[in-house]
Amino acid sequence: MVKRTSLAHSNCPIARSLDAIGDWWSLLIIRDAMLGLRRFGEFQKSLGLAKNILTVRLRALVDRGILETAPASDGSAYQEYLLTPKGHGIFPILVALRQWSEEFDETPEEIATILVDREKGRPVKKLELHAADGRLLGFGEATLKPRPSSSLRAKRSNPEPRAR
């Protein structure tokens, strides 16, 4: 198997995020954890994933602080996988992916579920990006600029002395 290039130390936050959760199995494991699955066997049954691949993905999600292990809630000898606060932070990403698919999928009628507000039972509004003053922003209405305290910027302006 080919070793994947790590993007963990990239200066791009999208690349760093993809390093942690960028393969589909990891996202589907996180989705299933958000739906209440906790045990290895439950993930394996839901995803139909080979046990060795599931083991590697679960270990990586635990190592990255997205899932944590805990003794089984029923007192058995098994362990359970629980979302951490970092894992809960992935919820809007999954909603965005879901909404993108609902909008652009060629056969949206084949999507088996809709996302609804648990309290009211109504469909969830589409995610939106807003400026700090509340204005709705669309594509092309936001840009990137250097972070004032960027360590990358500091390295460029204060290069390390060269060995002689």
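This passage describes the largest pocket, one helix pair and the surroundings of one strand residue in a predicted model. Local features require pLDDT of at least 70 and side-chain atom pairs count only at pLDDT 80 or more, whereas totals for chains, interfaces and linings use all residues. Residues are numbered from 1 along each chain as its sequence is written, and side-chain values use heavy atoms, with hydrogens and water left out.

The largest pocket (an open set of points on a 1 Å grid over the protein atoms alone where a 1.4 Å probe fits, with protein on both sides within 12 Å along at least five of seven lines) holds about 950 Å³ of space. Its lining (residues with an atom within 4 Å of a point) comprises 23 residues, of which Arg31, Leu35, Leu94, Arg98 and Leu115 lie nearest the centre. Helix H6 (91-104) and helix H2 (24-34) each supply at least two lining residues, and the largest share, seven residues, comes from H6.

The axes of H2 and helix H4 (residues 51-63) come within 10 Å and cross at roughly 75°, which makes H2 roughly perpendicular to H4 (65 to 115 degrees). The contact (heavy atoms within 4.5 Å) is made by Trp25, Ser26, Ile29 and Ile30 of H2 together with Ile53, Leu54, Arg57, Leu58 and Leu61 of H4.

Leu83, found in strand S2 (residues 79-83), is buried, with a relative accessible area of 16% (buried means under 20%, with a 1.4 Å probe and protein chains only). Leu83 and Ile30 are 53 residues apart in sequence, yet 7.8 Å apart in space, C-alpha to C-alpha. Leaving aside neighbours within four places in sequence, Leu83 is in contact with Ile30, Ala33, Met34, Ile66, Leu67 and His88.

Note on methods:
Points joined across faces, edges and corners; volume = space filled by probe spheres on them. Helix = DSSP H or I, 4+ residues; strand = E, 2+ residues; numbered from the N terminus. Axes fitted to C-alpha atoms, helices over the stretch in contact; angles between N-to-C directions. Parallel < 35°, antiparallel > 145°, perpendicular 65-115°, else oblique. Buried < 20%, exposed > 50% of the residue type's maximum accessible area, 1.4 Å probe, protein only.
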